[in-house]
Amino acid sequence: MRPPFPGTPDSSEKSANLTVELETQGVSVYYGSHLAVKQVSLKIPKNHITAFIGPSGCGKSTLLRCFNRMNDLIPGARVEGSVIFHGKNIYDPDVDPAEVRRRVGLVFQKPNPFPKSIYDNIAFGPRVNGYQGDLDELVERTLRQAVLWDEVKDKLKMSGLSLSGGQQQRLCIARTLAIQPEVILMDEPCASLDPISTLRIEELLKELGRRYTIIIVTHNMQQAARVSDFTAFFNTEIDDEGLRYGRMVEFNRTEKIFNSPAHRETEEYVSGRFG
Amino acid sequence: MNTLSSGGSLLFRPRPVFQRRRDQVFIWATRIAVFFSAFLLLWIALEIGIQSLPAIGRFGLSFFWNTTWDPVEGIYGAWPQIYGTLVTSLIALIVGVPFSFGISIFLSEDFLPKSLRLALIIVVELLAAIPSVVFGIWGLFVFIPFFRPVQMFLYENFNWLPIFSTPPVGPGMLTAGVVLGIMIIPIITAIAREVLVAVPPELRAAAYAMGATRWEAIFGVVLPAAIGGMLGAVVLGLGRALGETMAVAMLIGNARGIRVSLLAPASNIPALLANEFAEASDEQISALMYVALILLAITLLANIIAELMVRRVKFALTASRE
Ligand SMILES: Nc1ncnc2c1ncn2[C@@H]1O[C@H](COP(=O)(O)OP(=O)(O)OP(=O)(O)O)[C@@H](O)[C@H]1O
Ligand SMILES: [Mg+2]
């Protein structure tokens with residue numbers, strides 16, 4: 001059963017020019033022989049924010065990593081099905097994973113700046129990707145975009161590790177922006193942040209969502225409701241042999257998922273968290 | 001509820017006496033161990049210093065640049081041996097470090113299946129278990145014949161360079177240095193690999209997520225993060241190269257006087273000590289003690305410099321909050 005692509009003619013003006021940026025076709029992911037995510041097919045709309053929600057262990061991070069082939073780095077991980085990006089399956093043998101990752105950036109759940117200066121943290125990506133423009137200008141621009149510039153402009157030579165957790169996470173976001181990706185994947189980017197940093201990142205997300213395609217994994221229902229345009233709900237299921245696997249239950253506009261979900265599981269999950 | 005308000009006595013049980021005792025014992029045991037090793041070092045240095053006093057009194061600092069070592073005439077200068085020690089160690093590092101770093105990078109990545117990698121790691125570490133004298137014998141009977149064409153090539157094509165200006169005879173600083181280089185590979189490799197493996201996988205993943213290739217991730221992120229520890233590994237290797245005795249004594253040629261050519265027989269401090277101590281008389285013993293003191297000082301100095309280097313790199317890499 002394939003969920004309908006949201007934004008059918010009846011909906012708002014925003015949907016009028018929805019285009020598909022990324023599409024998964026029957027994607028299943030195995031770790032060794034363990035099926036982690038089963039048969040996910042969905043279409044990610046361009047220049048919108050899509051949220052992935054669902055209980056722990058249902059495969060949100062796993063699926064997210066499929067969009068830029070980060071699962072390649074995990075020994076024993078295997079992806080079945082296709083992920084279509086600009087008409088091309090990124091799992092085709094002739095595709096260079098480094099190229100995919102440059103165009104589909106990933107912000108990790110835990111801030112992980114390089115043990116380099118703030119400046120070099122940002123400059124690393126552009127350098128390895130042969131950026132020709134003015135690096136100083138790019139560093140300033142991306143730090144401004146990530147709302148970090150004012151806090152660090154006088155200490156760009158200092159280690160990225162000397163920043164606070166929230167600043168580090170914004171540095172990681174700036175670093176991802178600096179490779180000028182078309183899509184940004186974020187795995188619980190606010191999980192280790194205080195409420196103020198979280199709010200700042202959410203504002204940043206909304207701002208970025210107009211120009212980038214963003215997929216964000218979050219455990220925070222309010223956050224999903226606040227920032228995302230579309231939401232995919234995942235759940236775990238147990239097969240006949242008692243093995244757990246994750247699957248996508250429902251994908252729709254965020255207000256539909258939160259106000260009038262089509263499935264009872266979704267409603268229970270969403271309302272339970274709001275309770 | 002009034003148990004809560006009646007003060008801490010019910011909330012904080014005192015630590016059992018036995019537990020406190022155990023901690024005390026542990027703290028003192030480690031303290032004693034630390035003091036003991038510091039004391040040992042001091043004691044050795046002091047003993048060597050006292051024994052070398054007569055030689056220091058007679059030759060003073062000229063011992064460092066005097067090039068004659070003549071027990072018959074009673075004239076002692078150690079510059080050829082000091083020079084030989086520094087040169088052989090330098091050659092050892094030039095040979096050993098690239099190999100060690102290459103192997104450690106190779107073995108810390110997943111180029112090979114895990115079981116094969118493990119086997120290779122063990123093989124490299126077993127290299128460290130080969131006794132020095134066995135390296136010496138291997139050097140004499142296997143390595144020197146094998147190395148001869150290389151030495152001939154250097155002599156024939158580069159004899160305009162002073163360091164290759166004499167016809168090779170087999171033993172010499174180059175031979176000894178290269179074998180030393182092989183001998184320090186295991187220790188440098190083992191430690192460098194451990195440092196590389198300890199680099200947090202998130203950093204590697206972050207590099208890949210920026211579109212880096214494997215080599216860009218290794219050279220741009222993993223190596224810079226690990227370089228402090230890897231320099232530390234080099235220093236431990238250097239320490240071994242500076243003091244290594246048996247194999248070098250067998251391979252360096254034990255010639256008197258200063259030799260600029262790396263292909264000519266020469267000498268260094270450990271070889272001198274090994275060769276002469278057994279038959280040394282009073283003043284010669286004192287001169288040898290003086291040489292030993294110099295070796296000890298060089299080794300300590302190398303370690304201190306390296307320690308500072310490693311610290312500075314570490315400091316640059318990790319948090320440096322104002
Ligand atoms: N590197 C891995 N190796 C083996 N199994 C893994 C690995 N990563 C995830 N899994 C398994 O895949 C399943 C899905 O994990 P995943 O991390 O994608 O869940 P998640 O939805 O992101 O959970 P959370 O909300 O807790 O982050 C889990 O059963 C997990 O045990
Ligand atoms: Mg996750």
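Start by selecting Leu107(B), Ile121(B), Val124(B), Glu125(B), Thr189(B), Ala190(B) and Arg193(B): these residues line the largest cavity. Two elements, H5 and H7 of chain B, each give two or more residues to that lining. Keep in mind as you click around that you're looking at a predicted model. The space inside this cavity is about 40 Å³. Colour its lining by class and you'll get four nonpolar residues, one polar and two charged.

How many cavities of 30 Å³ or more does a search of the whole structure find? The count is two, so let's visit the other one. For the second largest cavity, select Pro80(B), Tyr83(B), Gly257(B), Ile258(B), Arg259(B), Ala266(B) and Ser267(B), which line it. About 30 Å³ of space lies in there. Its lining has four nonpolar residues, two polar and one charged.

Next stop: the largest pocket. Its volume is about 850 Å³. To find its centre, pick Leu73(A), Pro75(A), Pro201(B), Arg204(B) and Ala205(B), the closest to that point of the 30 residues that line the pocket. Now show the elements that give two or more residues to the lining: from chain A, helix H1 (60-66), and from chain B, helix H4 (79-108), helix H5 (114-127), helix H7 (173-198) and helix H8 (201-209). Which of them gives the most? That's H8(B), with five residues. Colour the pocket lining by class too, and you should see 14 nonpolar, four polar and 12 charged residues.

Time to zoom out and select the whole of chain B. In cartoon view, there are 12 helices and two strands to trace. Follow the sequence and the pattern reads α-α-α-β-β-α-α-α-α-α-α-α-α-α. Turn the chain around a bit: its C-alpha atoms fill a box of roughly 95 × 55 × 40 Å along the principal axes. The radius of gyration of chain B is 26 Å, whereas a compact globule of 322 residues would have one near 20 Å.

Stay with chain B and look at its contacts. Of those with a separation of 6 or more, 74% are between residues 24 or more positions apart. Buried residues make up 41% of the 322 in this chain. Switch on the surface, and you have an accessible area of about 17500 Å² for chain B, with 72% of it belonging to carbon and sulfur atoms.

Now hop over to chain A and select Arg69(A). You'll find Arg69(A) in the loop between H1 and strand E4 (77-85) of that chain. Is Arg69(A) buried or exposed? Arg69(A) counts as buried because its relative accessible area is 12%, and the cut-off for buried is under 20%. Show its neighbours as sticks: leaving aside residues up to four places away in sequence, Arg69(A) touches Ile90(A), Tyr91(A), Asp92(A), Val95(A), Pro97(A) and Arg101(A).

For the last stop, select Asn259(A), in helix H9 (residues 254-259) of chain A. Asn259(A) has a relative accessible area of 63%, and since exposed means over 50%, Asn259(A) is exposed. Finish with a distance label from Asn259(A) to Val270(A): C-alpha to C-alpha, the two are 9.1 Å apart in space, and they sit 11 residues apart in sequence.

Technical notes
Residues numbered from 1 in each chain as written. Chains lettered and ligands numbered in written order. Predicted model: local features only at pLDDT ≥ 70, side-chain atom pairs only at ≥ 80, totals over all residues. Heavy atoms only, no water. 1 Å grid on protein atoms, 1.4 Å probe; cavity = no way out; pocket = protein on both sides within 12 Å on 5 of 7 lines; lining within 4 Å. Points joined across faces, edges and corners; volume = space filled by probe spheres on them. Helix = DSSP H or I, 4+ residues; strand = E, 2+ residues; numbered from the N terminus. Nonpolar A, V, L, I, M, F, W, Y, C, P; charged D, E, K, R; others polar. Rg over C-alpha atoms; globule rule 2.2 N^0.38 Å. Buried < 20%, exposed > 50% of the residue type's maximum accessible area, 1.4 Å probe, protein only. Contact = heavy atoms within 4.5 Å. Areas by Shrake-Rupley, 256 points an atom, 1.4 Å probe, with all protein chains shown as cover.
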